[in-house]
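Q: Could you take me on a close look at the empty spaces enclosed inside this protein? I would like to know what lines them.

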Amino acid sequence: MTAGNAPRVPNILIVDDTPANLLLMERMLAERGYRPRPVPSGRLALEAAHAEPPDLILLDISMPEMNGYEVCARLKADTALKEIPVIFVSAMNETIDKLKAFRAGAVDYVTKPFQFEEVYARIQTHLQLRRLESFRDDLIHLIVHDLRNPLAVICNFLEILELREIRNLSTSSQELVPVARRNARDLLEMIGSLLDVSKMRAGELKLQREPNDLCTLIRAVLDITKPLPGGRTVTLEVPEAPVTIIADVGLVRRVFRNLLSNALKFTPDGGDIRVVVALSASEVRVSVTDKGPGISPEHHQRIFEKFGQVEDGTSRPGTGLGLTFCKLAVEAHGGRIGVESEVGKGSTFWLELPRLSQAPSPVGTA
């Protein structure tokens, strides 16, 4: 096998403030064919991870300046680093310590003193899991990329049929064409969301930022969804003055279209959806409240995860992509997104974005 065809050697970041521990782990990993990268502090660990994302991180907890829990939390908050598996290696062996580690985002926990064979086995397991997940994502990406073009052709033909030839069809067929077109468009948008989710998670999607009035953008999204199905209505409350944001208009528009579509899906016929734009000194908050069945608290985080679905008897499953796209798109703009919901009391999905204007304006009803 030539050097050009040699398999890639996984690089493992080792974080520990004790030099003897670093040297020991570095030697053991090198002997097993890995490329170890020892660092003595949490700050240096974050710098090293940004400079060259590792395949896996072995992380101590008790360190000065920044402990392992904080390091892990910062890694998981970074879109480009959040998928890196973190294994805590610590002398702290209480159950509460392990629970805090897993809540911070760790995939495993090893207690010191340890047997290296145990550490090695866990490293192998999590590297293999990551390879399998990466393979799955790459395969899905290839499939949906190849599906997009023929599906776009189908959508265009259905639109032409609806505009020019629908009168030549029977009454029953005339009713089916718009349904087929809408579902084909929905599928095309799902494909676009999946591809964009992959790009955003890899840090490859470049934002086309420009000034835009957020309220005008929201009204445009509402206009293209009319007439609303099932006699549903939307109440919009916005500031009287323009709310300027610097954003990728196409991405933000799709975020609101996803949130509105989600609210329409779960609001019963005749129900009202409330969209509110509120201002603070530095940001704008948009909330979309539906009259749906609500979401159990334990599912509030999962619904924003890729392919995360909720099937607890209170809501219907979806593709698990729309809200993931919304989360990544909002965070790419330096914002936040979340949900407030109780079973039987509907849901409010909210997002906050930095605003250009710092002057708050009074709120009116549109």
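A: Happy to! Let's begin with the largest cavity, which has a volume of about 70 Å³. Please keep in mind that this is a predicted model. The search over the whole structure turned up two cavities of 30 Å³ or more, and we can visit them in turn.

Around the largest cavity you will find Ile218, Val221, Leu222, Phe256, Leu260, Val275 and Val288. Try finding helix H7 (214-225) and helix H8 (249-266) in the 3D view, as each of them supplies at least two residues of this lining. H7 provides the largest share, three residues. What about the chemical character of this lining? It consists of seven nonpolar residues, with no polar and no charged ones.

Now for the second largest cavity, whose volume is about 50 Å³. Its lining is made up of Leu251, Val252, Val255, Phe256, Ala329, Val330, His333, Leu351 and Leu353. Three elements each supply at least two residues here: H8, helix H9 (322-332) and strand S12 (347-354). This time H8 gives the most, with four residues. Sorted by class, the lining has eight nonpolar residues, one polar residue and no charged residues.

Here is a nice detail to look for on your screen: Phe256 belongs to the lining of the largest cavity and also to the lining of the second largest cavity. Helix H8, too, supplies at least two residues to the largest cavity and four to the second largest.

Key: Residues numbered from 1 in each chain as written. Predicted model: local features only at pLDDT ≥ 70, side-chain atom pairs only at ≥ 80, totals over all residues. Heavy atoms only, no water. 1 Å grid on protein atoms, 1.4 Å probe; cavity = no way out; pocket = protein on both sides within 12 Å on 5 of 7 lines; lining within 4 Å. Points joined across faces, edges and corners; volume = space filled by probe spheres on them. Nonpolar A, V, L, I, M, F, W, Y, C, P; charged D, E, K, R; others polar.
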